[in-house]
Amino acid sequence: MARTAAALHILVKHKEQADDIIQQLKKGAKFQSLAKKYSTCPSGKKGGDLGEFKKGQMVPAFDKAAFTGEILTPLLVKTKFGWHVIKVLYRT
């Protein structure tokens with residue numbers, strides 16, 4: 001089982017906005033550009049890059065998505081912080 005993962009994410013307050021971001025990604029928009037434009041997380045300035053993190057380091061719903069979701073496919077996750085569009089880059 002993977003012990004670490006690396007991911008990009010975009011944090012927004014409303015599901016509608018997160019859905020819209022996923023649609024833009026499907027049409028070819030660049031994840032990093034959308035993160036800089038929309039994300040309310042400080043990581044947005046870095047294109048949504050969270051770097052590498054260990055299992056259990058993130059809030060449970062985010063952690064589960066990062067360690068079980070498809071790699072390189074945008075995922076939608078709700079946490080206490082809002083709606084996350086997550087793109088898992090790799091797991092080790």
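This text walks through a predicted model, from its sheet to its helices and then to its surface.

Start with the sheet. Four strands build it, and it is open. Their order is 2-1-4-3, with antiparallel pairing. Strand 2, residues 49-54, forms one edge, and strand 3, residues 75-79, forms the other. Each of these edge strands pairs on one side only. Neighbouring strands are turned against each other by 40° on average, direction ignored. In general, the strands of a sheet pair through backbone hydrogen bonds, in a parallel or an antiparallel way.

Now look at one pair of strands. Strand 1 covers residues 4-12. Strand 1 pairs with strand 2 over five bridges, in the antiparallel sense. Within strand 2, glutamate 52 stands opposite alanine 6.

Next come the helices. Helix 1 spans residues 15-26 and lies across strand 1, strand 3 and strand 4. Strand 4 is made of residues 82-91, and helix 1 runs at about 40° to strand 4. Helix 2, residues 31-38, also packs on the sheet. Helix 2 touches strand 1 and strand 4. The direction of helix 2 makes about 45° with that of strand 1.

Turn to the charged side chains. A search of the whole structure gives two salt bridges. One joins lysine 15 to aspartate 19, with 3.1 Å between the closest N and O atoms. Both residues lie in helix 1. Lysine 15 and aspartate 19 are four residues apart, about one turn of the helix. Lysine 15 has a relative accessible area of 34%, so lysine 15 counts as partly exposed. Aspartate 19 is partly exposed too, because its relative accessibility is 29%.

The side chains of lysine 55 and aspartate 63 also meet in a salt bridge, at 4.0 Å from N to O. Is each partner buried or partly exposed? Lysine 55 has a relative accessible area of 40%, so lysine 55 is partly exposed. Aspartate 63 has 8%, and is therefore buried. The cut-off for buried is under 20%.

Finish on the surface. Ile71, Leu72, Leu89 and Tyr90 form a nonpolar patch there. Together these four residues have about 330 Å² of accessible area. Isoleucine 71 sits in the loop between helix 3, residues 60-68, and strand 3. Isoleucine 71 counts as partly exposed because its relative accessibility is 36%.

Key: Residues numbered from 1 in each chain as written. Predicted model: local features only at pLDDT ≥ 70, side-chain atom pairs only at ≥ 80, totals over all residues. Heavy atoms only, no water. Pairing = 2+ DSSP bridges. Helix = DSSP H or I, 4+ residues; strand = E, 2+ residues; numbered from the N terminus. Axes fitted to C-alpha atoms, helices over the stretch in contact; angles between N-to-C directions. Contact = heavy atoms within 4.5 Å. Patch = residues over 30% accessible without salt bridge, like charges linked within 9 Å, V, L, I, M, F, W, Y side chains within 5 Å. Areas by Shrake-Rupley, 256 points an atom, 1.4 Å probe, with all protein chains shown as cover. Buried < 20%, exposed > 50% of the residue type's maximum accessible area, 1.4 Å probe, protein only.
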